[in-house]
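Here is a short briefing to read with the structure open beside you. Keep the viewer handy, and follow the residues along as they come up.

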Amino acid sequence: MGEGEGLRFRRILIIFSFLFACILMVGAPSKGNTDNEIIYIVPIHETVENGLYAFLNRAVQMAEEDQASAIIFDINTPGGTVDAAGKIGKLLTSTNLKTISFVNNQALSAGAYISLNTDEIYMVPGSTIGSAAIIDQQGNTAGKKAESYWFAAMEEAAKQTKRDPIYALAMADESVHLPEVGAPKGKLLTLGADQAEKVGYSKGTFNNIDELLKYLGYENAEVHKVEESFAEKIARFITHPVVIPILLSIASLGLVIELYSPGFGVPGFMGLTALLLFFYGHLVAGLAGYETLILFIIGIGLIIAEFFLPGAVAGVLGVAAVLGSLFLASENVIHMGISILIAIGVAILALILMVKVFGKKMSIFKKIILTDATKTEEGYVSNKSRLELIGLEGYTLTALRPSGTVVIEDERIDVVSEGEFILKDARVRVVKAEGSRIVVREIPNLDK
């Protein structure tokens with residue numbers, strides 16, 4: 001090989017080496033391209049309820065509009081309602097954006113389910129994930145039907161994100177036997193940061209989000225931290241399963257006390273405010289539409305109309321409309337039913353106390369019910385009373401059978417006997433006068 005050919009060969013080799021290196025650089029996986037990348041950080045803190053879904057839905061939409069590279073959910077929650085967790089899980093799996101959970105202390109129950117529905121999970125040292133048993137409002141284990149649904153949901157969430165479903169099931173079902181990770185039969189699985197990484201649920205442990213961003217290659221990315229608006233915070237508080245029965249009870253108590261108060265005062269304002277807050281929170285949370293509020297207003301109008309209309313049709317329709325609007329504003333019929341029963345119980349107790357203990361009467365009825373009476377003591381009489389006739393004597397103008405006519409002091413008077421038949425021209429004496437009813441008794445003729 002000549003010197004010219006050797007030089008040409010070396011040039012060709014350099015070119016191929018450069019091209020091969022370019023191919024490797026293009027094809028190699030990258031943790032993040034920091035140029036013009038956008039990362040969204042969204043908090044999932046405190047209790048999981050339907051108000052949280054409205055906030056997360058807004059955050060995901062914002063990230064999608066900005067074509068973000070990823071959404072990192074900063075999770076620290078003890079759990080919450082199953083229906084809210086289900087909606088949030090569906091929201092996270094339906095977006096095309098990369099979703100990442102950063103368990104910043106705890107992701108228990110509904111929080112564990114939400115984490116399982118994200119593409120990747122990372123944790124801080126000492127954090128936990130799991131303990132996802134489904135319980136009712138009284139703290140008892142839910143029924144078999146609800147448990148079956150929840151077990152399947154936890155398994156499916158793990159399968160969709162390529163995680164071993166046995167650990168997800170062990171978080172919800174205490175009958176699963178996994179002693180090697182501290183969850184023998186009879187105990188729910190709760191994974192620490194190291195355990196979660198060992199079983200493949202967590203991809204790494206970091207002290208804070210900044211360390212995580214650096215690890216993912218997003219340290220120079222544009223970070224958008226989404227915070228809850230004031231309206232969303234109010235909606236989350238109002239739609240909490242514990243707050244709803246309290247709010248409805250305050251509303252019923254205030255309106256009942258208002259019925260016994262003159263005019264419109266503090267109790268009525270308190271009751272209406274509680275109802276408005278209830279519907280406001282559910283409107284912001286996306287659980288109710290304006291048609292629900294309109295139905296409620298129509299129901300109140302029909303109940304008021306019942307006070308002025310005959311029959312009970314308007315009242316029955318009004319109560320049905322109000323109850324229907326409350327159920328439409330809630331996705332969980334059972335929880336709303338319990339809340340309404342609690343509010344009704346409070347209202348009945350208030351009624352009993354106002355009537356039996358305080359001796360109150362509903363002031364509203366004074367305006368629509370006639371309470372005045374035409375009493376004799378006040379000078380009102382329905383018929384002229386002939387008390388002055390008692391003891392006077394006269395004779396029968398007609399036979400009494402037992403009614404007829406008598407003459408007393410030259411006055412003809414319609415009377416009745418005490419029940420017996422009295423002949424014409426018989427002597428009689430007035431023994432009783434009750435309004436227009438005058439009773440006479442025959443005077444025996446001693447000359448016979």
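**Briefing: a tour of the chain**

Residues 24 or more positions apart make up 61% of the chain's contacts that have a separation of 6 or more. Please keep in mind that this is a predicted model. The chain has 448 residues, and 41% of them count as buried. Its secondary structure comprises 15 helices and 12 strands.

**Surface and annotated regions**

- About 25600 Å² of the chain is exposed, and 60% of that area comes from carbon and sulfur atoms.
- In an unreviewed entry, UniProt places the feature "transmembrane region" at residues 12–28, 237–257, 295–328 and 334–358.
- Taking one of these stretches, residues 237–257 are 81% helix and 0% strand in the model. The C-alpha atoms at the two ends of that stretch are 26 Å apart.
- Ile-304 sits in helix α12, which covers residues 290–306. Its relative accessible area is 46%, so Ile-304 is classed as partly exposed.
- Ile-304 and Gly-318 are separated by 14 residues in sequence, and their C-alpha atoms lie 8.5 Å apart in space.

**The five-stranded barrel**

- Five strands form a closed barrel in the order β8-β9-β10-β12-β11, and the pairing is mixed. Neighbouring strands of this sheet are turned against each other by 55 degrees on average, direction ignored.
- Strand β8 (residues 393–396) runs antiparallel to strand β11 (residues 427–434), and three bridges join them. Glu-393 has Arg-429 as its bridge partner in β11.
- β8 also pairs with strand β9 (residues 403–408), in the antiparallel sense and over two bridges. Here the partner of Tyr-395 is Val-407 in β9.
- A hairpin of six residues links β8 to β9.
- The parallel sense appears between strand β10 (residues 411–417) and strand β12 (residues 437–442), which pair over two bridges. Val-416 is bridged to Val-439 in β12.

**Backbone details around the barrel strands**

- Most peptide bonds are trans, and most residues other than glycine have a negative phi. The next two sites depart from those habits.
- Arg-401 and Pro-402 are joined by a cis peptide bond, with omega about 5 degrees. Pro-402 belongs to the loop between β8 and β9.
- Glu-409 is not a glycine, yet its phi is positive at about 50 degrees. This residue lies in the loop between β9 and β10, and Glu-409 is exposed because its relative accessible area is 63%, over the 50% cut-off.

**Two buried serines**

- Where is Ser-417 found? Ser-417 is in strand β10, and its 5% relative accessibility makes it buried.
- The side chain of Ser-417 reaches the backbone oxygen of Glu-420 at 2.7 Å.
- Leaving aside residues up to four places away in sequence, Ser-417 touches Leu-400, Pro-402, Ile-422, Val-439 and Val-440. Among these contacts, Pro-402 is the residue on the cis bond, and Val-439 is the bridge partner of Val-416.
- Is Ser-127 buried or exposed? Ser-127 is buried because its relative accessible area is 1%, under the 20% cut-off.
- Ser-127 belongs to the loop between β4 (120–123) and β5 (128–130), and its side chain reaches the backbone oxygen of Val-124 at 2.6 Å.
- Beyond residues up to four places away in sequence, Ser-127 touches Val-103, Asn-105, Leu-191, Gly-192 and Ala-193.

**Helix α6 and the loop after β5**

- Why is helix α6 (residues 165–172) described as largely enclosed by the rest of the structure? Six of its eight residues are buried, so the rest of the structure largely encloses α6.
- The buried residues of α6 are Tyr-167, Ala-168, Leu-169, Ala-170, Met-171 and Ala-172.
- Packing partners for the buried residues of α6 are α4 (110–116), β5, α5 (144–160) and β6 (190–192).
- Ser-131 lies in the loop between β5 and α5. Although Ser-131 is not a glycine, its phi is positive at about 45 degrees.
- At 28% relative accessibility, Ser-131 counts as partly exposed.

Terms used: Residues numbered from 1 in each chain as written. Predicted model: local features only at pLDDT ≥ 70, side-chain atom pairs only at ≥ 80, totals over all residues. Heavy atoms only, no water. Helix = DSSP H or I, 4+ residues; strand = E, 2+ residues; numbered from the N terminus. Buried < 20%, exposed > 50% of the residue type's maximum accessible area, 1.4 Å probe, protein only. Polar contact = N/O pair within 3.5 Å; in protein donor to acceptor, adjacent residues only side chain to side chain. Contact = heavy atoms within 4.5 Å. Areas by Shrake-Rupley, 256 points an atom, 1.4 Å probe, with all protein chains shown as cover. Pairing = 2+ DSSP bridges. Axes fitted to C-alpha atoms, helices over the stretch in contact; angles between N-to-C directions. UniProt positions renumbered as here; feature names shortened; annotations may be inferred.
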